[in-house]
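Biologist: Could you take me through one part of this protein up close? I'd like to hear about a single strand and what sits beside it, and then whatever you can tell me about the pockets.

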Amino acid sequence: MQFPKNFLWGAATSSYQVEGDNPNADWWEWEKMAGKENSGRACGHYELYAQDFDLAKDLNHNAHRLSIEWSRIEPQEGKFSQKELQHYIDVILALRARNIEPMVTLHHFTSPIWLSAKQGWENDRVVPLFLRFSDFVVRGLAKHVRYWITINEPTVYTSHAYVIGAWPPQQKSYWKARSVYDHFVAGHIQVYRRIHQIYQEFHLPSPMVSISQHLQAFVPCAPKKMNAYAVSLRDQWYNFDFLDQIRRQKAIDFIGLNYYSRQLVDVQRFGIGNLAWDVCKNNCDPVKKNSLGWDIYPQGMKQVLLKTKRFNLPVIITENGICTSDDELRWEYVHGHLKNVYLAIQEGVNVTGYLYWSLLDNFEWDKGFGPRFGLIDIDYSTLKRTVRDSARKYAEVCKTGVLPDSHV
Ligand code: BGC
């Protein structure tokens, strides 16, 4: 299976999950307050990034997605740190020096404590504040960056932090969720326009700007009408509404797509909550699972990719990965999902890149350090890095652009 020329091959990370020592971020405070495992020094990537990028280079990666920690850049409201900006410039230059194309995310779940103290993304003022922060970062990095992700998984963050109440600030309010979501839409659109404006001002070639949207494969568990109806509603609400809204405003240059798993839809009775949330309880179509219990469903990758066709935009897989202690299963996962990317390309989807989640084992939010998503193992007591076999198999694909027929 031969992938297109100039395909972006690599992996993704986010600042808070790998850097360590981010005491000005809302999560840092929350971990302590909620009695969760602390992110602490995480992978020590803030210091060890050059070593990590050497490994990515050895693994033939030509692209890497990272994020900027807002709470480092603006630790107090309105006080911007040139020193931290310089750190991220150095990080990006370290990628460039290795011929690795950077993709930069501006918001990956964390916010500065001063912002969360004023209701974070619920507050109308968040939009101009996010714009001001983004402006500072983009002006500093524009020369070295072509690909931008404004916001990572706005629907996941909104649902986990404001509907399910599992993430800070642990709210369960439809109305709050609604305003957070709307602020993400508005924040994206304004930052999208600002990034383009800055590139014009600087006479730089046009950048590629998007969000990373988490897409699930919704699959009806029995062929009931209600299930089919729920699938179409969920597809619209959770998968495509955000993309539709920003497309209507001409504020998207490619689709950043995160895909992990499927949801088996089984609606118990007619009602808005049931249509929105009911899932199969009988394990009616058992498949292998990752270590967090999520279904492994590679054909879902093709399913969601085909549904992006109507946008008529290039697609970059900005995350896809598995947490497991079974590294052979990791390679089976990557192989199976890449095969479905290939099949979607054959059916006309313009996929231009694939970034595995994640380069390193890292801090999996409220789940702590247990889940192992990395191509590279981290020994958290010594911070020693060990490249996994799955990473070496993926490295062959990155090098040749060819996926072997079978994973064995
Ligand atoms: C997020 C990552 C997270 C990964 C695995 C994505 O939803 O962007 O931060 O670690 O999934 O759960």
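Modeller: Sure, let's start with how β1 and β8 go together: the two strands pair in the parallel sense, over five bridges. Keep in mind that this is a predicted model. β1 covers residues 8-12, while β8 covers residues 351-357. If you want a spot to click on, take Gly10, whose bridge partner in β8 is Leu355. β1 also pairs with β2 (residues 63-67), again in the parallel sense, here over three bridges. Ala12 is a good place to see that pairing, since its bridge partner in β2 is Arg65. As for cover, five of the five residues in β1 are buried.

Now for the pockets. The largest pocket has a volume of about 1600 Å³, and 50 residues line it. Nearest its centre you'll find Ser159, His160, Ile164, Gln216 and Trp277. Several elements supply at least two lining residues each, among them α8 (154-162), α9 (174-201) and β5 (208-220). Sorted by class, that lining has 24 nonpolar, 15 polar and eleven charged residues.

The second largest pocket holds about 290 Å³ of space. It is lined by 17 residues, and Asp26, Ser116, Pro168, Pro169 and Gln170 are the closest to its centre. α8 turns up here too, supplying at least two residues of the lining, as does α2 (26-33). α2 gives the most, with four residues. By class, this lining has seven nonpolar, six polar and four charged residues.

Conventions:
Residues numbered from 1 in each chain as written. Predicted model: local features only at pLDDT ≥ 70, side-chain atom pairs only at ≥ 80, totals over all residues. Heavy atoms only, no water. 1 Å grid on protein atoms, 1.4 Å probe; cavity = no way out; pocket = protein on both sides within 12 Å on 5 of 7 lines; lining within 4 Å. Points joined across faces, edges and corners; volume = space filled by probe spheres on them. Nonpolar A, V, L, I, M, F, W, Y, C, P; charged D, E, K, R; others polar. Buried < 20%, exposed > 50% of the residue type's maximum accessible area, 1.4 Å probe, protein only. Pairing = 2+ DSSP bridges.
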